[in-house]
Amino acid sequence: MLDRDRVCTKTEITGSLPPGTRRVPLAVSAGGPANGGAVDSVVVPAASSSPSPGGPAAGTGAGHGNGNGASHGGTGAPVQKGDSGFIKEKKRRLCRRVRKGIPDELRGIVWPLLSGGRQLLLQNPGVYDHLSLYESSTSELDIVRDLNRTFPGHVYYMQRHGPGQRSLYNVLKAYSVFDRSVGYVQGMGFITGVLLLYMCEEDAFWTLVALLKGAVHEPMEGVYQEGLPLLQRYLFQFDGLVTSFLPRLARHLKEEHIVPTMYCSQWFITVFSYTLPFECLLRVWDIFLFEGMKVVFSVGLELLQCEEENLLQLNFENLVQTLSGKRFDIPACHKTVDDFLRKAMTWKITKKLQELGEAYDAANE
């Protein structure tokens, strides 16, 4: 694990903006660092054109198919239409290696690169320091209240006002100033908490920005915005996937009046940070940062399939408890994390996800 107290390198970048980015005003106060004045704008990813995981803009490519069931699919490399054969092969090779697991000592370097967070850091020198040191947020009390609820059993976060909780507070407070339309939602603490285990505050902040603003994949900010619009979309899509791929379980859940909101909201809000055992969680995050949110759908389906026979025997109360509970080990039908993820990533869901996304959009126009 990398040293959390290392100093992040910052490079001044001037001139025209890189492709796929835009400069936006930053609503902060007039005061600022003595050597630089106020930070009045930042470079952020350009708005994504597609709101659907697995659709054309997401570019994950994994499992393109007819959506008739679980089968062995493609590599999942984010191949773009204009890529040359050489670049496509490089991306597929990188995808295979990411799925095998990024070495623990390299995650703090590789994660910001895969997510686009490091590029944003280099394009916005001094912004994080300004946000964390010179600005105030209306969410500060909410953030402090939730610090003890974020990974309470992890040694880095269990000490009240310790270094882990201080870093977590600093990053969440900075983001609540950076994007006041989102502010702070409790689930953001788990996302930030995972990042801070492998990188310094500034890298963690810009990686969080990259994820929520969509530097590489579709923006996640709709999961946390008022009304949780993107989360509602994800839940509709996941319910449709369960109905298509696990019809027996879907009928049982319907008979017991179980809806996705009761058990899988936190899967999407925290990207399994609360649900999976830590070793498995890190491997899921390796794939998530490279391939996007579709891995949550794939892993969720694999969890339900492995637990299906047991779930079919449970009533309402036990179903809710089992489905929403923390898993302390991988499902018994898999011997290793490698086996579990290898099987999870064979679900062909891209086409079905896109169809469900279009159906949701049409119903909510």
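Which helix holds the place of Asp361? In this predicted model, the residue sits in helix H16, which covers residues 350-363. Asp361 counts as partly exposed because its relative accessible area is 31%, and the range between 20% and 50% is what that label covers. The chain also brings a far-off stretch of sequence alongside: Arg233 is 128 residues away from Asp361 along the chain, yet their C-alpha atoms are separated by 8.3 Å.

That pairing fits into a wider picture of the fold. The protein chain has 16 helices and just two strands, and buried residues account for 52% of its 365 residues. Take the contacts between residues at least 6 apart in sequence, and 75% of them turn out to join residues at least 24 apart.

Next comes the interior. The largest nonpolar core has 100 residues, and the members touching the most others are Trp111, Phe205, Phe238, Tyr263, Phe268, Trp285 and Leu304. Helix H12 (residues 278-291) supplies the largest share of this core, with nine residues. The core is not confined to one domain either: at least three residues come from each of domain 1 (101-220) and domain 2 (229-363). Phe268, one of those well-connected members, gives a feel for the packing. With neighbours within four places in sequence set aside, Phe268 is in contact with Met220, Val223, Leu231, Tyr234, Leu235, Phe238, Met293, Val296 and Phe297.

Helix H7 (residues 187-196) is another piece of the interior, with ten of its ten residues buried. Glycines feature in the list, namely Gly187, Gly189 and Gly193, along with Thr192 and nonpolar residues including Met188, Phe190 and Ile191. What do the buried residues of H7 pack against? Their partners are helices H2 (107-115), H6 (163-178), H8 (201-213), H11 (265-270) and H12. So H12, the helix giving the core its largest share, turns up here too as a packing partner of H7.

The packing does leave some gaps. A search of the whole structure finds two cavities of 30 Å³ or more, and the largest has a volume of about 90 Å³. Thirteen residues line this largest cavity, with Leu211, His217, Glu218, Met220 and Phe288 lying nearest its centre. By class, the lining has eight nonpolar, four polar and one charged residues. Where does the largest cavity lie relative to the two domains? Domain 1 (101-220) and domain 2 (229-363) both give residues to the lining, so the cavity lies between them. Met220, one of the residues nearest the centre of the cavity, is also among the contacts of Phe268.

Definitions and conventions: Residues are numbered from 1 along each chain as its sequence is written. This is a predicted model: local features need pLDDT of at least 70, side-chain atom pairs count only at pLDDT 80 or more; totals for chains, interfaces and linings use all residues. Side-chain values use heavy atoms; hydrogens and water are left out. A nonpolar core is a set of buried Ala, Val, Leu, Ile, Met, Phe, Trp, Tyr and Cys residues joined through side-chain atoms within 4.5 Å. Buried means under 20% relative accessible area, exposed over 50%, partly exposed in between (1.4 Å probe, protein chains only). Helices (H or I, at least four residues) and strands (E, at least two) are DSSP runs, numbered from the N terminus. Domain bounds come from an automatic or database domain assignment. Contact means heavy atoms within 4.5 Å. On a 1 Å grid over the protein atoms alone, a cavity is a set of points where a 1.4 Å probe fits but cannot get out, and a pocket is an open set with protein on both sides within 12 Å along at least five of seven lines; lining residues have an atom within 4 Å of a point. Grid points are joined across faces, edges and corners, and a volume is the space filled by probe spheres set on the points. Ala, Val, Leu, Ile, Met, Phe, Trp, Tyr, Cys and Pro count as nonpolar, Asp, Glu, Lys and Arg as charged, and the others, Gly among them, as polar.
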